[in-house]
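Biologist: Hey, can you walk me through this one? I'd like to start with how the helices pack.
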Amino acid sequence: MDILTVVENIQRICKDRGTTPTAACKESGAGKDLVTNMKKKGTQPSIERMRLLAQYLGVTTGTLLGEEKQPTLIGEDGLSTEAKEIAFAFERATKKEQNTVRLILSDYLQESVRPQTIAARGQLELSREDLRQVTLPRESAELP
């Protein structure tokens, strides 16, 4: 096991998930100093600690160890079949459905996208009642 590769994988995956390695290690039960000890001391973690961290991050232990690549929607040859299916389904959706997806994704990505700001740009065609039924980002939970 190449410790530096594992550390790089953990850092990259944590960044993709919007967290830090220290927070992920602590919250997963793997130990908050796991990555620091690996990086600075060359400590080889137990498979159980790697399993806990992988499970918390939603990847396989093999992905953390660099034994398998994490599947992506965009590859060297362009969009994967799954990404094309998602794009095709989104294009077939109504404007209202597309805007609902945009709002849900903005919440998931933790972007502070205010529905009234989107509406002002002419990109949102939802009524006040529609907006009340959508999970909104924390910063914009109340409508004007």
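Biologist: So which way does H1 pass H4, left-handed or right-handed?
Modeller: The crossing of H1 past H4 is left-handed. Keep in mind that this is a predicted model.
Biologist: Okay, and which residues make that contact?
Modeller: From H1 you get Val6, Ile10, Ile13, Cys14 and Arg17. H4 brings in Met50, Leu53 and Leu57.
Biologist: How many of those are nonpolar, polar or charged?
Modeller: Between H1 and H4, seven contact residues are nonpolar, one is charged and no polar ones take part.
Biologist: At what angle do the axes of the two helices cross?
Modeller: Roughly 25 degrees, and the axes come within 11 Å. H1 covers residues 3-17, while H4 covers residues 47-57. The cut-off for roughly parallel is under 35 degrees, so H1 counts as roughly parallel to H4.
Biologist: New topic. I saw a cysteine in that contact, so how many disulfides does the structure hold?
Modeller: Zero disulfides here. Cysteine 14 isn't in one, and the nearest cysteine sulfur belongs to cysteine 25.
Biologist: Remind me, what is a disulfide?
Modeller: It's a covalent bond that links the sulfur atoms of two cysteines.
Biologist: Then why is there no bond from cysteine 25 to cysteine 14?
Modeller: Because their sulfurs are 6.4 Å apart, which is too far for a bond. To count as a disulfide, the pair would have to be within 2.5 Å.
Biologist: Is cysteine 14 buried or exposed? And what about cysteine 25?
Modeller: Cysteine 14 is buried, because its relative accessible area is 0%. Cysteine 25 counts as buried too, with 0% relative accessibility.

Definitions and conventions: Residues are numbered from 1 along each chain as its sequence is written. This is a predicted model: local features need pLDDT of at least 70, side-chain atom pairs count only at pLDDT 80 or more; totals for chains, interfaces and linings use all residues. Side-chain values use heavy atoms; hydrogens and water are left out. Buried means under 20% relative accessible area, exposed over 50%, partly exposed in between (1.4 Å probe, protein chains only). Axes are lines fitted to C-alpha atoms, for helices over the stretch in contact, and angles run from 0 to 180 degrees between N-to-C directions. Helices (H or I, at least four residues) and strands (E, at least two) are DSSP runs, numbered from the N terminus. Angles under 35 degrees count as roughly parallel, over 145 as roughly antiparallel, 65 to 115 as roughly perpendicular and the rest as oblique. A crossing is left-handed if the near helix is turned anticlockwise from the far one by less than a right angle, and right-handed if clockwise. Contact means heavy atoms within 4.5 Å. Ala, Val, Leu, Ile, Met, Phe, Trp, Tyr, Cys and Pro count as nonpolar, Asp, Glu, Lys and Arg as charged, and the others, Gly among them, as polar.
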